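Reader: Hello! I am new to this structure and would love a close look at its aromatic rings. Could you walk me through them, and then point out a little of what else is worth seeing?

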Amino acid sequence: MAENQDRTAHLLAKMDALLRKHEAISQEVTELKEEIQQLQKEDVDVASKTADKHAEQKISKQKEAEIEKPRPEASKHSTAKAAQSSHFKTDLEKFIGENLINKIGIIIIVFGVAIGAKYAIDNQLISPLVRIVLGYLVGLGLFGFAVKLKKNYHKFSAVLLSGSMAIEYFITYAAYSFYGLIPQSLAFALMVIFTVFTVLASLKYNQQVIALFGLVGAYAVPFLLSEESGRIGVLFTYIAIINIGILAIAVRKHWKALNFFAFIFTWLTYAAWLEEDYVTDVHFTFALVFLSVFFLVFYATFLAYNVIKNQAFVLKVDIWLVVANALVFYGFGYAILSDHEPGEHFLGLFTLINAFIHFSVAVSLSKREGSDRNLFYLIVGLALLFITIAVPVQFDGKWVTLVWAGEGALLFWIGRSKSIPVYERLSYPLILLCLISLVHDWSQIYNVYIQDNPEVFIRPIFNIHFLTSAFVVISFGFINWLHRNNSWSVQSSTNKHLRQLVTILLPTFFISVLYYTFQLEISLYWDQMLASSAVEVVKESGNAATYYDWDNEKFKEIWIINYTLVFFALFTVANIMRIRNHQVGVMNVIFNTLIILSFLMIGLSSLSALRSSYLQQTLAEYYTHDWFNIGIRYVAYLCVAFVLVVTNRLLQQDFIKVRFRKFYDFLLHITILWILSSELINWLKISGVTQTDKLGLSILWGIYASFVVILGIWHRKKYLRVGAIIWFAVTLAKLFLYDIAHFGTISKTVVLILLGTLLLAISFLYNKYKAQIYDDASE
């Protein structure tokens, strides 16, 4: 039942998206029809004038065809080629003649007016009032031509009108900002009038060029006519009015170029002022106010058309403009606040305000019927981004890790349980950030204890750092549980390679964090014990020496190995009982083997050092070396036995497709022989026997090799018998090449008789059970 409901919801969502696309296409078709009708009106006169000409051309072509009749195929091919070439040349010529030239011309006129005005200003040729009047007259003249030519030359008229509006902006700005000829209220009113008129004209003409030249072109005013007046308030108010005009257009038209250029010019102007002229004590409030105005106006501009028309938000330009506007606003705001003494304490609050703005927009979109889900997810993503950033901005260390862990788990849960893949994808970078933050915390927290600074002592397990790690473990465990839960399957739209990568990384992160959470606590305890064991002793010579109880370092190594053995044994048990995965089983075998070898090569060496410290009572006047230096080895042996037992149980499972039996038997017997050899040396050392690596080891190896031969015969395992015989050969080589030179007569006699007897016994067994052995070999 639940699966049917999910499927129904998914199909309804797809149907809703298709309906929105249909509405968008219908709107575009309507706009195209209007533009075609307008063009048809313009071409009526031209068509009537050229009708006779076309008729004459048709008659002449018919006559030419009668005179010269080429082959049909060649004629058809050449005609098509000539028509294509002619069409290309005609289109290019039409584009240049009707569109490009007039735009270049109006740009030149605007620049000419600007340069002429600047020249007049610099050389005091005419009075300021005359300059302004002449500027207005030039603008009005262009406007008059535009009105007169509108009926027959629609596009050309639009270009002239845009130029006239740009000039009127220029002149109004100069009249107020540079000469003070008009009061601020009048300048403001005029610019509002020009903006409203330009907006209405661009919509009436349905020509983006009017808005581009009239509104965007007006951004050049401060730079073309600048006299370094420093009246930045006027400049930013002027730009804000233009941007509001562009917002008004955005409600009706989706003109991307207009939005893009306005965005670029506005923020470049703001950035240049912030870099060159901003003074914190003077401009702090002013900078934040206009920063907010620009941000909100552009935010509304980029969303207006799609939201009002309920169109899909799929164009990359639209998405990047929304994201870029949010990041630019935050970046400038962060820079302004961080340089302000009280403001730097509110950076986290400022980041949360950003998140709140985007969250409020997302809530409004969710309540609006027919709103685009892609846009909703984009805005929610921005809100979550700033919530994520707010944590490290306002807090330090463990709080960052805690919030990111919880936020990542929450997003992953929403994505899986509600079948919204975008939320799950948003959780991936948070999971990675959480892991990086946790590792950073570990590097800063552990290994910092110094005896002279006891207040930094960290109680193992019962400390906030361990609790932080435990919370991350719980979060990652919850995420892995969701990932493995078949009730909430991954959406089919999710990239296959991404799913495979996530399936590998999620359990890897969980196992790694779980392991190091306890391993670091063990390491911390013994490191602090070592640091606190420092004893400073003044020698007779007057020099001071510092001693440490290095048994703590060896205990740390042993306990970390013991913990690792138990950890991976329990991991193997989990695979046997719950996970039951072949790939995980192979990893179990590999990890279990590696940790056993680490114990044999490193752990037994540390155990020998502890035994030596106990026997020699090193620095006994300062430190106590008790029986646990010897007893710890048997705790380690139990851990090794636990790993071997669970590994054997794992290899009996049906989901383990690769056969590791021979490998396991070799690992088992090598481990047993290695530990028995270590134990023999251990007790011989405790008993005071010297040369423990000679007589005793040779006898032990011979006996164990014989034991393995018997096992091989009993269980019909040829590889065990062959391996035991090879080891017996190694024992004999050791005996004759190394041991025998150091033995006394009695020792030589005992070891040779014993090994010879063992060899005879092995031979006897081979003879007695030869039928069984050879049957096994033939098989």
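Author: Happy to help; what follows starts with the aromatic rings and then visits one helix and one threonine.

Please keep in mind that this is a predicted model. In it, the count of aromatic pairs comes to 50. A good one to begin with is the pair of Phe 236 and Phe 290. Their ring centres are 5.5 Å apart and their planes meet at 55°, and because an angle over 60 would be needed for edge-to-face and one under 30 for stacked, this pair counts as tilted.

Where do Phe 236 and Phe 290 lie? Phe 236 belongs to helix H8 (residues 232-252), while Phe 290 belongs to helix H10 (residues 280-308), so the pair ties together parts that are 54 residues apart in sequence. Both Phe 236 and Phe 290 are buried.

Now compare that with Trp 273 and Tyr 278. This aromatic pair is edge-to-face, with 5.6 Å from centre to centre and 75° between the planes. Are these two residues buried or exposed? Trp 273 has a relative accessibility of 5%, so it counts as buried. Tyr 278, at 16%, is under the 20% cut-off and therefore counts as buried too.

These two pairs belong to one picture. Phe 236, Phe 290, Trp 273 and Tyr 278 are among the members of one aromatic cluster. That cluster also includes Phe 263, Trp 267, Tyr 270, Phe 286, Phe 294, Phe 298, Phe 302 and Phe 332.

Next, let your eye move to helix H14, which covers residues 398-417. From its first C-alpha to its last, this helix of 20 residues reaches 28 Å, close to the 28 Å expected at 1.5 Å a residue. Its buried residues include Val 400, Leu 402, Trp 404, Leu 411 and Phe 412, and also Glu 407 and Arg 416. What covers the buried residues of H14? Helix H13 (373-394), helix H15 (421-445), helix H16 (464-484) and helix H17 (496-532) are included in that cover. Just after H14, you will find Ser 419 with a positive phi of about 55°.

Last comes Thr 564, which sits in helix H18 (residues 551-579). With a relative accessible area of 5%, Thr 564 is buried. Its side chain makes a polar contact of 2.7 Å with the side chain of Tyr 515. Setting aside neighbours within four places in sequence, Thr 564 is in contact with Tyr 515 and Ile 595.

Note on methods. Residues are numbered from 1 along each chain as its sequence is written. This is a predicted model: local features need pLDDT of at least 70, side-chain atom pairs count only at pLDDT 80 or more; totals for chains, interfaces and linings use all residues. Side-chain values use heavy atoms; hydrogens and water are left out. Rings of Phe, Tyr and Trp (its six-membered ring) pair if their centres lie within 6.5 Å; planes under 30 degrees apart count as stacked, over 60 as edge-to-face and the rest as tilted. Helices (H or I, at least four residues) and strands (E, at least two) are DSSP runs, numbered from the N terminus. Buried means under 20% relative accessible area, exposed over 50%, partly exposed in between (1.4 Å probe, protein chains only). The expected span of a helix is 1.5 Å times one less than its number of residues. Contact means heavy atoms within 4.5 Å. A polar contact is a pair of N or O atoms within 3.5 Å; within protein, one must be able to donate a hydrogen and the other to accept it, and residues adjacent in sequence count only if both atoms are side-chain atoms.
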